[in-house]
Amino acid sequence: MSIKRIVVLTSGGDAPGMNAALRATVRTALYHGLEVFGAENGYSGLLHNKIKPITANTVANVIQRGGTILKTGRCHAFHDPEQRQQAISTLQGHGIDALVVLGGDGSFRGASLLSDEGGFAVVGIPCTIDNDIAGTEYTIGFDTACNTALDSIDKIRDTALSLDRNFIVEVMGRSSGFIAVAVGIAGGAEIILTPEFPLSMEALVEKLQAHERRKLTSIIVAAEADTPGRSFAIAREIARLSGIDYKVCNLGHTQRGGTPSAYDRKTASVMGFQAIKALLSGHNKTMVAVQKSQITLVPFSAVGEMTRYFSDQELLEMNEVICG
Ligand code: F6P
């Protein structure tokens, strides 16, 4: 199929670097003579015909901006086949042949359905601060989110040391502990709590008591897992079992915003460029990915289970050695 008109959209949670990816996608598409449209608010923009032409100027001065100029959303209505038919008619009305979807695993499932049911070619660019999409070692936004969290941990360490206090710093990561592990190691946290390697309260307290005999302050980095704010309950339980006091700082959505790092801007630019090249060379239902530190293309079907989990337990053991 020869591709002449594409729609670009950002879907799911925003991630710093989405704008840089959008810019590269749009400019590469225009370079190759394609007409480019943008849908607002993710898939909901397709359902409500919020589809507008995008020019090179639309994406001027956005490479340094966090968030997404197209806005994003989690569109539950898109699970309904009738609503998807509505989106397909709207896309056909605009003469669209292909879509580039910037988002996470759920967003790629939506893209796959559009391809199956509407015959569009679809390519995905992985964007989520969680770095947890199967099939790629990197997702846009992770580096910036880690740096944002690390900056906060460094600041917390100043006050922790000044008052001999202990802190639990909670970071994002619903299913995966990639942010917690990266930030915990880089921030010198004694303990890192991930969804993948849960620790019983008794085991946690035992580790803390071993540290307490030698240290005046301690920092735990905890992934939020399936209960954002869970660190308050963990702190209460530590106090009940051991009498050790922990303050809690939940970094929450601060990690999603801010100026994208150099690494995120560069990776996003390369991925945007490669997404259009992939479409033009006939790829469909394909994600631009990083594997073995190289940019590559991965079919959605090969991604299988679409969430990637942290599995390198040795890194956690290493951290306990170097923070002991
Ligand atoms: O962007 C990924 C993520 O930050 C997860 O870590 C988190 O659980 C989720 O999104 C929360 O996002 P929202 O508040 O937008 O639903």
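How much space lies in the largest pocket? The points below start there and then turn to the ligand and to one residue of helix 4.

1. This is a predicted model. Its largest pocket holds about 880 Å³ of space. The lining is made up of 36 residues, and those closest to the pocket centre are Gly12, Arg74, Asp105, Gly106 and Arg174.

2. Helix 4, which spans residues 105-118, gives the largest share of this lining, with six residues. By residue class, the lining of the largest pocket has 17 polar, 10 charged and nine nonpolar residues.

3. The largest pocket is also where the ligand sits. Around the ligand are Arg74, Thr128, Ile129, Asp130, Met172, Gly173, Arg174, Glu224, His253 and Arg256. Arg74 and Arg174 therefore appear in two lists: they belong to the ligand's surroundings under the 4 Å cut-off, and they are among the lining residues closest to the centre of the largest pocket.

4. Five residues of the shell around the ligand are charged, three are polar and two are nonpolar.

5. Oxygen atoms of the ligand have polar protein atoms at short listed distances. For Asp130, a polar side-chain atom is 2.9 Å from a ligand oxygen. For Arg256, an N or O atom of the side chain is likewise 2.9 Å from an oxygen atom of the ligand. For Gly173, the partner is a polar backbone atom, and the distance to a ligand oxygen is 3.1 Å. The ligand taken alone exposes 400 Å², of which the protein buries 79%.

6. Asp116 is a separate item. Asp116 is located in helix 4, the helix that contributes six residues to the lining of the largest pocket. The side chain of Asp116 makes a polar contact of 2.7 Å with the side chain of Lys285. Ala56 is 60 residues away from Asp116 along the chain, and the C-alpha atoms of the two are separated by 30 Å.

How values were computed
Residues are numbered from 1 along each chain as its sequence is written. This is a predicted model: local features need pLDDT of at least 70, side-chain atom pairs count only at pLDDT 80 or more; totals for chains, interfaces and linings use all residues. Side-chain values use heavy atoms; hydrogens and water are left out. A polar contact is a pair of N or O atoms within 3.5 Å; within protein, one must be able to donate a hydrogen and the other to accept it, and residues adjacent in sequence count only if both atoms are side-chain atoms. Accessible areas come from the Shrake-Rupley method with a 1.4 Å probe; for residues, only the protein chains shown count as cover. On a 1 Å grid over the protein atoms alone, a cavity is a set of points where a 1.4 Å probe fits but cannot get out, and a pocket is an open set with protein on both sides within 12 Å along at least five of seven lines; lining residues have an atom within 4 Å of a point. A molecule sits in a cavity or pocket if more than half of its atoms lie within 2 Å of its grid points. Ala, Val, Leu, Ile, Met, Phe, Trp, Tyr, Cys and Pro count as nonpolar, Asp, Glu, Lys and Arg as charged, and the others, Gly among them, as polar. Grid points are joined across faces, edges and corners, and a volume is the space filled by probe spheres set on the points. Helices (H or I, at least four residues) and strands (E, at least two) are DSSP runs, numbered from the N terminus.
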